[in-house]
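Visitor: Could you pick one spot in this structure and walk me through it slowly? I'm new to this, so please keep it plain and then show me what else is worth a look.

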Amino acid sequence: MKFGTKAVHAGVKPDPSTGAIMTPVYQTSTYVQRSPGDHKGFEYSRTQNPTRFALQDSIAALENAKHGLVYASGLAAIDAILKLLKPGDEVISGNDLYGGTYRIFTKIFVDFGIKFHFISMDDVSNIENYVNDNTKLIWLETPTNPMMNIVDIKGAAAIANKHKVMLGVDNTFATPFLQTPLDLGADIVMHSVTKYLGGHSDVVMGALVVNSEELNDRLAFIQKASGAIAGPQDCFLVLRGIKTLHLRMERHCQNGRMVAQYLRNHPKIGKVYWPGFEDHPNHDIAKDQMSDFGGMVSFTLTEDDKEESFRIMERFKLFALAESLGGVESLSNHPASMTHAGVPKEEREKIGLLDSLIRLSVGVEDVDNLLTDLEQAIG
Ligand SMILES: *Cc1c(COP(=O)(O)O)cnc(C)c1O
């Protein structure tokens, strides 16, 4: 089945009791048993819930995965992955990643005896320099947040495979519409469903997908034992959101391209970060592993003037100043003081995350209005 058909149909079957075409919101904590242990496969909603199962199947289908699990947030999904590890284990992570991921690694799991190496993955052969017998997980985002770097998933998978280490990919920015990391050799794909999969800025949720039976069993056990599940109402909203994922993504990509090109030709703009530019350092890898370049665009000002970038963001009328991304409405964000405030300034500057950097999540509005908004705000 092709992507758009899967987006509309996967995971959703007419409800067996009424024929309802939409999977109902099974807002129930428990299920009645005929006799102790004699039930219909549903005992308690932390472990089994039909609305959640429908969504898990839908996301798995989109990622060409055998198994899917959904969580109370993207970070709860990352938390579940880290619980696969033991004290003494080591993780090699990209150094340009979502601020909350950096926070859970360094502020929580370091205290549980896990060691993290944050390294540049622009050239994945760098990973080899950090692999040792304790390495258990390689973790990467691509495109990265907010610098829009591209990491070669196939290359990273080859290294992970050679050393028998798990490869986890945060696929939030690309979505399965643009890239499916399991097909490129990753072991676990993670999503902040809050973003493009939900798509309407009304749900916080996370997801993991895997192919391995063994990994799925371990993660399902952690989900049941730790309990960070997504509730049925939220699962319903995301099932609805996913039905238009392909339509939304096409428009996000078109609008993202127009906005990136507009900014690049603007005299007050310094650098524009968007993987679709031919001179983007890993443009060829982006072209190879993604079907288009997405709706996220970051830029700096010619002079690294934080106050001026604040004034621009205050003047926006359509690009609402807010954390998050991937919804139908355009958003703007100042990573250095918002999403990435928890990353030390020296670390930020190492990756080019300057104080004037503005990150845009380009929505699905009419692009002419978006360009007019940029024009009046930047001046
Ligand atoms: C938002 C985000 C997360 C965290 O997800 P939550 O749903 O906010 O917990 C992780 N990775 C990326 C790339 C994100 O954008």
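**A close look at N49**

Guide: Let's start with N49, which counts as buried because its relative accessibility is 1%, and the cut-off for buried is under 20%. Keep in mind as we go that this is a predicted model. To find N49, go to the loop between α1 (3–9) and α2 (50–62). So what does N49 touch, once you skip residues up to four places away in sequence? The neighbours are Y26, T28, Y31, F42 and P232. Y31 deserves a second glance, since the side chains of N49 and Y31 are joined by a polar contact of 3.5 Å.

Now hop over to another buried part, strand β7 (residues 206–210). Five of its five residues are buried, so the strand is largely enclosed by the rest of the structure. Look along β7 and you'll see G206, L208 and V210 pointing one way, while A207 and V209 point the other way. Both sets are buried.

Who are the partners of β7? One is β1 (residues 67–71), which runs antiparallel to β7 and is joined to it by five bridges. As an example, H67 has V210 as its bridge partner in β7. Another is β6, also antiparallel to β7 and joined to it by five bridges. There, H191 is paired with A207 of β7.

β6 is a handy stepping stone, because it leads us to the ligand: β6 (188–192) and α3 (74–82) each supply at least two residues of the shell around it. That shell has 13 residues, and those that come nearest are G74, D170, S192, T194 and K195. Sorted by class, the shell holds six nonpolar, five polar and two charged residues.

Zoom in on the oxygen atoms of the ligand next. A polar backbone atom of G74 is 2.9 Å from one ligand oxygen. For L75, a backbone N or O atom also lies 2.9 Å from an oxygen atom of the ligand. With K195 the side chain is involved: one of its N or O atoms is 2.7 Å from a ligand oxygen. As for how covered the ligand is, it exposes 380 Å² when taken alone, and the protein buries 93% of that.

Methods
Residues are numbered from 1 along each chain as its sequence is written. This is a predicted model: local features need pLDDT of at least 70, side-chain atom pairs count only at pLDDT 80 or more; totals for chains, interfaces and linings use all residues. Side-chain values use heavy atoms; hydrogens and water are left out. A residue is near a molecule or strand if one of its heavy atoms lies within 4 Å of it. A polar contact is a pair of N or O atoms within 3.5 Å; within protein, one must be able to donate a hydrogen and the other to accept it, and residues adjacent in sequence count only if both atoms are side-chain atoms. Accessible areas come from the Shrake-Rupley method with a 1.4 Å probe; for residues, only the protein chains shown count as cover. Helices (H or I, at least four residues) and strands (E, at least two) are DSSP runs, numbered from the N terminus. Ala, Val, Leu, Ile, Met, Phe, Trp, Tyr, Cys and Pro count as nonpolar, Asp, Glu, Lys and Arg as charged, and the others, Gly among them, as polar. Buried means under 20% relative accessible area, exposed over 50%, partly exposed in between (1.4 Å probe, protein chains only). Contact means heavy atoms within 4.5 Å. Two strands pair if DSSP finds at least two bridges between them.
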